[in-house]
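Trainee: Could we go through this one together? I'd like to see how each label is earned.

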Amino acid sequence: QVQLVESGGGLVQAGDSLRLSCAASGRTRVGIAMGWFRQAPGKERKFVAAISWNGGSTYYTDSVKGRFTISRDSAKNTVYLQMTGLKPEDTAVYYCAAGSVASVTSAYNYWGQGTQVTVSS
């Protein structure tokens, strides 16, 4: 089992920045990729970003390219999502996930509890 705990969400204004963190514990292993997804009220959970197990490859959904950066610190078993230029449409619960590098929820075996990000206009 892998446990994931997100932190760093909050209420910000449009244009502000936030950094989300996801601490992994348990049976973490080399080869596991990490991803961030988000879910707005009444909508399905959607892919935001992913990073390969060694941090060598990163992937983003088009709407966040150039604004969000995913990174990982393997020594700390932590993955980050640096968000800049936040927009009201970025408002959602953000979930960290561990599994295979992909943009679909089914590729990830483990999920955190989520952290709320609210961007006011």
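Mentor: Sure, let's take the salt bridges and then the sheet, keeping in mind that this is a predicted model.

Trainee: Why is the contact between Arg-38 and Asp-90 called a salt bridge?

Mentor: The cut-off is a Lys or Arg side-chain nitrogen within 4 Å of an Asp or Glu carboxyl oxygen. The closest N and O atoms of Arg-38 and Asp-90 are 2.9 Å apart, so the pair qualifies. The two sit 52 residues apart, with Arg-38 in strand E4 and Asp-90 in the loop between strands E8 and E9.

Trainee: What makes Arg-38, Arg-67 and Asp-90 a network?

Mentor: Asp-90 also forms a salt bridge with Arg-67, at 2.8 Å between the closest N and O atoms. That links the three residues. Arg-67 lies in the loop between E6 and E7, 23 residues from Asp-90. Arg-38 and Asp-90 are both buried, and so is Arg-67.

Trainee: How do you know whether Asp-62 is buried or exposed?

Mentor: Exposed means over 50% relative accessible area. Asp-62 has 61%, so it counts as exposed. Asp-62 forms a salt bridge too, with Lys-65, at 3.0 Å.

Trainee: On to the sheet. Why are E1 and E7 called edge strands?

Mentor: The open sheet runs in the order E1-E3-E8-E7, with antiparallel pairing. E1 and E7 each have a single partner strand, so one side of each lacks a neighbour in the sheet.

Trainee: How do you know that E1 pairs with E3?

Mentor: Pairing takes at least two bridges. Six join E1 to E3, so the two strands count as paired. Val-2, for instance, stands opposite Gly-26 in E3.

Note on methods:
Residues are numbered from 1 along each chain as its sequence is written. This is a predicted model: local features need pLDDT of at least 70, side-chain atom pairs count only at pLDDT 80 or more; totals for chains, interfaces and linings use all residues. Side-chain values use heavy atoms; hydrogens and water are left out. Helices (H or I, at least four residues) and strands (E, at least two) are DSSP runs, numbered from the N terminus. Buried means under 20% relative accessible area, exposed over 50%, partly exposed in between (1.4 Å probe, protein chains only).
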